[in-house]
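Have a look at the model below with a viewer open. The notes after it walk through the sheets first and then the empty spaces.

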Amino acid sequence: ILEANREAARIFHAALYRPEGKVALDYYHSRGYTDATIKHFGLGFAPAGWDYLLKALRAKGFKDEELIAAFLAARGRNGGLYDVFRNRVMIPIIDIRGNVVAFGGRVLDDSKPKYINTEGTLAFSKSHNLFALNFAKNEAEKGLILCEGAPDCIAMHQAGFGNAIATLGTAITGEHARLLSRFTKMVYLA
């Protein structure tokens, strides 16, 4: 799962700089993100279509069941596989050890659902991970700033607040509190 996620993150990031990724790159720039920030967080784009990522990962030797286990592909009603993330800006979720464990994807139009996030896998549980803690842990002595979501957290980092983090959902769990307490005694809610 970790290898598939790492490779998917590379594919999504590369797609951002292809012609079909211009709409996503323009979206990131409209949010005020610089190219350095986009690269730092490994932001990417999942192109439209049903099998862009699937084809790329199969070509690298990944098996269908591995891609399903990673929540990168899903099985349709007819039994065929399709990409879970399509026509979305992609934010990789990286754990404190530097592994890509999940993704958050947001549509660029009015289609639904607006957000698709990796569901629980063997490598990921949203109640046990905090976005950007892999970076913020190095500045945790100043306390940690808990933002509403990953996009706000990214903006905070770009503005010089390298101690910003975000939950991966609306709840702060006991597991989050225990994880935070390993790095700091001071948390600011933003």
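## The parallel sheet

S7 and S8 pair in the parallel sense over three bridges; pairing here takes at least two DSSP bridges between two strands. Strands (E, at least two residues) and helices (H or I, at least four) are DSSP runs numbered from the N terminus. This is a predicted model, where local features need pLDDT of at least 70 and side-chain atom pairs count only at pLDDT 80 or more, while totals for chains, interfaces and linings use all residues. Residues are numbered from 1 along each chain as its sequence is written, and side-chain values use heavy atoms, with hydrogens and water left out.

Zoom out a little and you get an open sheet of three strands, ordered S8-S7-S9, with parallel pairing. Strand S8 (164-166) and strand S9 (187-189) sit at the edges with a single partner strand each, so one side of each has no neighbour in the sheet. From one strand to the next the twist averages 35 degrees. Angles run from 0 to 180 degrees between N-to-C directions, with axes as lines fitted to C-alpha atoms, for helices over the stretch in contact. H7 packs on this sheet and touches S7 and S8, its direction making about 175 degrees with that of S8. Contact means heavy atoms within 4.5 Å.

## Strand S7 up close

On its S9 side, strand S7 (residues 144-147) is joined by three bridges, and the two run parallel. Leucine 144 has valine 187 of S9 as its bridge partner, and isoleucine 145 has tyrosine 188, also in S9. Over in S8, isoleucine 165 stands opposite leucine 146.

Which way do the residues of S7 point? Leu144 and Leu146 go one way, Ile145 and Cys147 go the other, and all are buried, meaning under 20% relative accessible area (over 50% is exposed, in between is partly exposed; 1.4 Å probe, protein chains only). In a regular strand, side chains alternate between the two faces of the sheet.

## The antiparallel sheet

There's another open sheet, this one with four strands in the order S1-S4-S5-S6 and antiparallel pairing. Its edge strands are strand S1 (44-46) and strand S6 (115-117), each pairing on one side only. The twist here averages 30 degrees from one strand to the next.

S4 and strand S5 (residues 100-107) are paired antiparallel through seven bridges. Valine 89, for one, has arginine 106 in S5 as its bridge partner. Helix H1 (residues 2-16) lies across S1, S4 and S5, and runs at about 35 degrees to S5.

## Two pockets

The largest pocket holds about 610 Å³ of space. A pocket is an open set of points on a 1 Å grid over the protein atoms alone, with protein on both sides within 12 Å along at least five of seven lines; a cavity is a set where a 1.4 Å probe fits but cannot get out, and lining residues have an atom within 4 Å of a point. Grid points are joined across faces, edges and corners, and a volume is the space filled by probe spheres set on them. Of the 28 lining residues, Tyr115, Asn117, Ala150, Leu168 and Gly169 lie nearest the centre of the largest pocket. Helix H2 (22-30), S4, S5, S6 and helix H7 (150-158) each supply at least two lining residues, and S5 gives the most, with five. By class, that lining has 13 nonpolar, nine polar and six charged residues. Nonpolar covers Ala, Val, Leu, Ile, Met, Phe, Trp, Tyr, Cys and Pro, charged covers Asp, Glu, Lys and Arg, and the others, Gly among them, are polar.

The second largest pocket comes in at about 190 Å³. Its lining includes Tyr82, Arg86, Asp109, Lys112 and Ile116, and divides into six nonpolar, two polar and four charged residues.

## One cavity, and Asn134

How many cavities of 30 Å³ or more turn up in the whole structure? Just one, with a volume of about 50 Å³. It is lined by His40, Phe41, Pro92, Ile94, Phe131, Ala132, Asn134 and Phe135, of which six are nonpolar, two polar and none charged. Helix H3 (35-41), strand S4 (88-94) and helix H6 (133-136) each supply at least two of those residues.

Asparagine 134 is found in helix H6. Buried or exposed? Asparagine 134 is buried, at a relative accessible area of 12%. Leaving out residues up to four places away in sequence, asparagine 134 touches Ile94, Asp95 and Ile96.
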